[in-house]
Amino acid sequence: MASGGNETVVYFSEQVLVLCSCALSLAGSSLIILTYMAWSDLRTTPRRLLLFLSVTDLLSAVSYGYGVWSVFRSDSPGCIAQGAVSTFANSSSFFWTVAIAIYLYVFIVRSSQRVADSLVLFFHLVSWGVPLVITIAALALSKIGYDASEVSVGWCWVRIDASNRVLWMLLTGKIWEFMAYLMLPVIYILIKRHIYTVHAALSEYRPILPNRSQSHHFSMADVKLTLIPIIFIVLRIWSTVRFILLLVDSPVRQNPVLVTLHGIGNTAQGAANCIMFVFCTRPIRTRLCATLCCCSKGRAGASNSQGAPNRLPSGQDPSTKRGEEDGTSQSQIVR
């Protein structure tokens with residue numbers, strides 16, 4: 001698997017799989033952004049934070065996809081630019097993921113929307129500012145460039161010959177990744193415990209309703225709170241494994257399966273968020289289905305109107321037909 005010293009070969013099959021993951025993540029992040037822009041009544045603060053996370057995931061998918069497609073071999077300007085964008089976007093994604101968890105904790109457990117909303121400005125300063133400062137410093141010190149896919153999959157990151165290489169790997173991503181591993185499970189476990197406590201207390205003082213919608217919503221929220229940290233860790237753990245293997249200088253980090261899992265995990269966050277917060281969120285899913293149905297019916301109606309002859313039934317007055325059409329269109333708008 002190794003060639004040219006420490007270089008990790010990225011096979012064509014690995015490129016295809018990672019590029020597919022990038023495309024899915026790009027589509028998923030774009031869908032989250034579009035749904036937020038389309039429906040103003042769904043623009044809650046958590047959704048706005050998810051929007052910023054989706055922007056970083058979209059940037060990550062584009063930059064990683066460009067890197068995997070190019071498979072850089074030197075410190076070219078394209079390599080450095082791609083490495084800078086992916087470094088900033090990837091680190092910012094970690095910060096926004098933790099920011100959403102902190103917001104939900106303050107809002108749900110501490111029961112203070114005012115305090116939770118006041119944190120949003122702080123989230124912006126940290127989630128955009130810290131990655132930007134670190135990325136600019138890494139660029140100024142010529143730390144970003146060709147890394148021989150040692151802890152990447154074709155894209156550029158910290159240069160393979162950079163001094164204090166491990167330290168810059170930590171600063172440009174790994175230390176924030178480790179912190180997310182620790183913080184996300186703890187925060188979501190605390191939120192789940194609080195929800196269970198409140199739900200159990202309320203159940204003692206109210207009769208069980210025949211309508212199971214509340215129980216359904218509670219179970220869905222419980223599933224999401226469980227899956228969010230699990231999915232994050234499952235996707236990101238492969239890059240961490242390769243980083244640890246690099247520290248101990250193990251050739252296992254060049255294993256094709258591990259490299260593929262690393263590439264998919266680093267690029268699939270946008271797609272995972274779309275599944276969780278669009279397709280598995282009933283109000284969003286219902287509106288999407290309604291929109292798609294309206295579009296398909298509109299295309300079918302347009303094709304039928306073009307193919308059908310423009311004749312009136314015998315004995316029907318044109319003004320009568322116009323009135324019927326006006327009434328039909330108005331009723332469709334009301335519906």
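Let us start with one residue, Phe-95: at 15% relative accessibility, this phenylalanine counts as buried, because the cut-off for buried is under 20%. The model you are looking at is a predicted one, and Phe-95 is a handy place to enter it.

What does Phe-95 pair with? Its partner is Trp-176, and the two rings form a tilted aromatic pair, with 5.1 Å from centre to centre and 45° between the planes. Trp-176 is buried too, with a relative accessible area of 18%. Phe-95 belongs to helix α3 (residues 77-109) and Trp-176 to helix α5 (residues 165-205), so the pair ties together parts that are 81 residues apart in sequence.

Stay with helix α5 for a moment and look for another ring. The rings of Phe-178 and Phe-243 have centres 6.3 Å apart and planes at 50°, so this pair is tilted as well. Phe-178 lies in helix α5 while Phe-243 lies in helix α6 (residues 213-247), so here the parts tied together are 65 residues apart in sequence. Are these two rings buried or partly exposed? Phe-178 counts as partly exposed, at 26% relative accessibility, whereas Phe-243 is buried, with a relative accessible area of 2%.

Both of these phenylalanines also belong to a wider group: ring pairs link Phe-94, Phe-178, Tyr-181, Phe-232 and Phe-243 into a cluster. Across the whole structure there are 13 aromatic pairs.

Now turn to the beginning of the chain, where two helices pack against each other. Two packed helices are described by the angle between their axes and the distance between the axes. For helix α1 (residues 12-38) and helix α2 (residues 45-70), the angle is about 155° and the axes are 8 Å apart. Since angles over 145 degrees count as roughly antiparallel, α1 is roughly antiparallel to α2. The crossing of α1 past α2 is left-handed. What kinds of residues make up this contact? They divide into 16 nonpolar, six polar and three charged.

A ring and a charge meet in this part of the chain, too. The charged end of Arg-43 sits over the ring of Tyr-36, 5.8 Å from the centre of that ring.

Finally, step back to see the chain as a whole. It contains 10 helices and two strands. Reading from the N terminus, the elements follow the order α-α-α-α-β-β-α-α-α-α-α-α. Of the 335 residues in the chain, 42% are buried, and Phe-95, where we began, is one of the buried residues.

Key: Residues are numbered from 1 along each chain as its sequence is written. This is a predicted model: local features need pLDDT of at least 70, side-chain atom pairs count only at pLDDT 80 or more; totals for chains, interfaces and linings use all residues. Side-chain values use heavy atoms; hydrogens and water are left out. Rings of Phe, Tyr and Trp (its six-membered ring) pair if their centres lie within 6.5 Å; planes under 30 degrees apart count as stacked, over 60 as edge-to-face and the rest as tilted. Helices (H or I, at least four residues) and strands (E, at least two) are DSSP runs, numbered from the N terminus. Buried means under 20% relative accessible area, exposed over 50%, partly exposed in between (1.4 Å probe, protein chains only). A charge sits over a ring if NZ of Lys or CZ of Arg is within 6 Å of the ring centre and within 35 degrees of the ring normal. Axes are lines fitted to C-alpha atoms, for helices over the stretch in contact, and angles run from 0 to 180 degrees between N-to-C directions. Angles under 35 degrees count as roughly parallel, over 145 as roughly antiparallel, 65 to 115 as roughly perpendicular and the rest as oblique. A crossing is left-handed if the near helix is turned anticlockwise from the far one by less than a right angle, and right-handed if clockwise. Ala, Val, Leu, Ile, Met, Phe, Trp, Tyr, Cys and Pro count as nonpolar, Asp, Glu, Lys and Arg as charged, and the others, Gly among them, as polar.
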